[in-house]
Amino acid sequence: MRRYVLRVVSLAAALGLWQALTSLNIDLWLRFSQFPTVTDVARAFAARLSGPDYWTDLTDSLTRILTGFLLAAVLGVATGVLVARSRLAEDLLGPLLEVVRPIPAIALVPVAILLFPSNEQGIVFITFTAAFFPVLVSTRHAVRALTPTWEEAVRTMGGGPWRILGSVVLPGALPGVFGGLSVGIGVSWICVISAEMISGQYGVGYRTWQDYTVVDYPGVFVGMVTIGVLGWVTSTAVELLGRRLTRWLPRTAYVPGARPPRPARSVKPAPTAPAAVPGGPASVEVRDDHLV
């Protein structure tokens with residue numbers, strides 16, 4: 001409970017500082033007088049919630065992000081496993097993937113406009129490309145990091161390639177796969193919002209850009225808050241799913257802010273009486289204050 005209270009206090013303090021700087025028109029080096037206040041953004045948010053356009057934009061953005069991300073998750077994991085397990089696949093696909101991977105997904109907007117017949121398909125393509133490479137790279141590294149002993153054990157018990165894939169490769173690579181998925185969902189949100197700003201119709205990014213062009217700054221901040229909340233919700237969902245599917249992994253006992261457990265005291269064994277040596281001096285014991 002204490003940790004949740006601290007989080008709420010931290011958020012409230014940030015909002016209070018924002019309200020104070022903007023309402024007092026503080027201009028030191030940063031021009032806070034140009035920013036809308038928290039109350040202005042809250043009023044604009046309430047007005048958007050009561051209208052149909054906000055929910056249409058929300059539905060369109062979520063549909064685009066989920067479609068592109070799910071495609072990237074399936075194809076990224078499959079390609080990563082294939083490249084990590086097959087030298088032929090690595091030789092055929094590796095150079096092409098490494099050349100395309102450094103290109104920012106948002107730079108592919110002109111390609112998407114020329115390649116796909118509709119803007120909707122182009123935005124999904126941008127979202128897919130943004131998430132595909134983080135998932136691919138994480139899966140490839142996770143599969144290559146698996147210990148060969150597990151695979152040898154399955155082969156010894158008569159398991160074939162599919163048995164190894166289902167019992168060793170995929171379960172062992174799951175932690176790395178979900179690391180790539182967590183990165184991919186965040187990058188996907190960045191790129192889908194940018195693509196909507198450039199060539200979209202409806203969507204949170206499109207509406208945010210429209211508010212900027214008509215100098216509706218509270219509306220711009222409504223879009224920013226919406227993007228942040230959606231990104232946090234989807235990232236949390238991916239993380240919770242990863243924990244659910246990797247319950248068999250050992251979990252660390254570390255809890256932020258908790259005191260580490262005290263080490264157990266070592267108990268010294270009680271000294272034992274020396275054994276009598278034949279022909280040596282007799283052993284001496286004390287019984288009821290008498291020497292024996």
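Twelve is not a count to be taken from experiment here: in this predicted model, the structure holds 12 salt bridges. Several of them are described below, together with a helix pair to which one of the bridged residues belongs.

**Salt bridges between helices**

Arg64 and Glu196 form a salt bridge in which the closest N and O atoms are 2.8 Å apart. This pair links distant parts of the chain, since Arg64 lies in helix 3 (residues 52-85) and Glu196 in helix 8, 132 residues apart. Arg64 has a relative accessibility of 1% and therefore counts as buried. Glu196, at 0% relative accessibility, likewise counts as buried.

A salt bridge also joins the side chains of Arg85 and Glu151, at 3.1 Å from N to O. Here too distant parts of the chain are linked: Arg85 belongs to helix 3 and Glu151 to helix 7, with their positions 66 residues apart. Arg85 counts as partly exposed because its relative accessibility is 41%, whereas Glu151 is buried, with a relative accessible area of 18%, which falls under the 20% cut-off.

**A bridge within helix 7 and a network**

Glu151 forms a salt bridge with Arg155 as well, the closest N and O atoms being 3.0 Å apart. Both residues lie in helix 7, four residues apart, which is about one turn of the helix. At 47% relative accessibility, Arg155 counts as partly exposed. Elsewhere, Arg48, Asp211 and Asp216 are linked in a network of salt bridges.

| Salt bridge | Closest N to O distance |
|---|---|
| Arg64 and Glu196 | 2.8 Å |
| Arg85 and Glu151 | 3.1 Å |
| Glu151 and Arg155 | 3.0 Å |

**Packing of helix 7 and helix 8**

Two packed helices are described by the angle between their axes and the distance between the axes. For helix 7 (residues 148-156) and helix 8 (residues 161-199), the axes come within 10 Å and cross at roughly 135 degrees. The two helices are therefore oblique to each other, as the angle lies between the 115 and 145 degree limits that bound this class. Their crossing is right-handed.

On the side of helix 7, the contact is made by Trp150, Glu151, Val154 and Arg155; on the side of helix 8, by Arg163, Ile164 and Val168. The residues of this contact divide into four nonpolar, no polar and three charged. Glu151 and Arg155, which take part in the contact, are also the two partners of the salt bridge within helix 7.

Note on methods. Residues are numbered from 1 along each chain as its sequence is written. This is a predicted model: local features need pLDDT of at least 70, side-chain atom pairs count only at pLDDT 80 or more; totals for chains, interfaces and linings use all residues. Side-chain values use heavy atoms; hydrogens and water are left out. Axes are lines fitted to C-alpha atoms, for helices over the stretch in contact, and angles run from 0 to 180 degrees between N-to-C directions. Angles under 35 degrees count as roughly parallel, over 145 as roughly antiparallel, 65 to 115 as roughly perpendicular and the rest as oblique. A crossing is left-handed if the near helix is turned anticlockwise from the far one by less than a right angle, and right-handed if clockwise. Contact means heavy atoms within 4.5 Å. Ala, Val, Leu, Ile, Met, Phe, Trp, Tyr, Cys and Pro count as nonpolar, Asp, Glu, Lys and Arg as charged, and the others, Gly among them, as polar. A salt bridge is a side-chain nitrogen of Lys or Arg within 4 Å of a carboxyl oxygen of Asp or Glu. Buried means under 20% relative accessible area, exposed over 50%, partly exposed in between (1.4 Å probe, protein chains only).
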